[in-house]
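Reader: I would like to learn how to read a few local features from a set of coordinates, taking them one at a time. Could you begin with the surroundings of a single residue?

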Amino acid sequence: MLTLQYSKIEPGIKFNAIEPGFTDTDMTTGTVMTGGRPVEDSARTVVLLATIGADGPSGTLQDENGLLPW
């Protein structure tokens with residue numbers, strides 16, 4: 001919800017949160033969860049939101065499938 005509040009306070013800046021999913025990284029090595037996706041797959045959504053244009057969304061929570069409900 002902080003993302004949403006920031007987007008209201010600063011409408012000229014895009015604020016979006018992302019849920020990248022369980023990703024294979026150094027931090028997840030040896031955890032009980034295995035089979036995370038490659039970093040490149042998770043990074044696609046991060047790059048997409050980091051490079052959105054002026055008409056793009058703000059104040060959202062998203063994953064690779066699009067908007068997630070707050």
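Author: Contact means heavy atoms within 4.5 Å. In this predicted model, Ser7 touches Phe15, Ser58 and Gly59, once residues up to four places away in sequence are left out.

Reader: Where is Ser7 found, and what does its side chain reach?

Author: Ser7 is found in helix H1, which covers residues 2–9, and its side chain reaches the backbone oxygen of Leu4 at 2.6 Å.

Reader: Does one call Ser7 buried or exposed, and how should I read Ile9, buried or exposed?

Author: Buried means under 20% relative accessible area and exposed means over 50%. Ser7 counts as buried because its relative accessibility is 12%, whereas Ile9, which also has its place in helix H1, is exposed because its relative accessible area is 60%.

Reader: Which residues form a nonpolar patch on the surface?

Author: The patch on the surface is formed by Leu2, Tyr6 and Ile9, and together these nonpolar residues have about 330 Å² of accessible area.

Reader: Where is the place of Thr25, and how many residues apart in sequence are Thr25 and Arg37?

Author: Thr25 lies in the loop between strand E1 (16–18) and helix H2 (39–50). Thr25 and Arg37 are 12 residues apart in sequence, and the distance between them in space is 9.2 Å, taken from C-alpha to C-alpha. As for accessibility, the class between the two cut-offs of 20% and 50% is called partly exposed, and Thr25 counts as partly exposed because its relative accessibility is 30%.

Technical notes. Residues are numbered from 1 along each chain as its sequence is written. This is a predicted model: local features need pLDDT of at least 70, side-chain atom pairs count only at pLDDT 80 or more; totals for chains, interfaces and linings use all residues. Side-chain values use heavy atoms; hydrogens and water are left out. Helices (H or I, at least four residues) and strands (E, at least two) are DSSP runs, numbered from the N terminus. Buried means under 20% relative accessible area, exposed over 50%, partly exposed in between (1.4 Å probe, protein chains only). A polar contact is a pair of N or O atoms within 3.5 Å; within protein, one must be able to donate a hydrogen and the other to accept it, and residues adjacent in sequence count only if both atoms are side-chain atoms. Patches are made of residues with over 30% relative accessible area and no salt bridge: like charges are joined within 9 Å, nonpolar side chains (Val, Leu, Ile, Met, Phe, Trp, Tyr) within 5 Å. Accessible areas come from the Shrake-Rupley method with a 1.4 Å probe; for residues, only the protein chains shown count as cover. A salt bridge is a side-chain nitrogen of Lys or Arg within 4 Å of a carboxyl oxygen of Asp or Glu.
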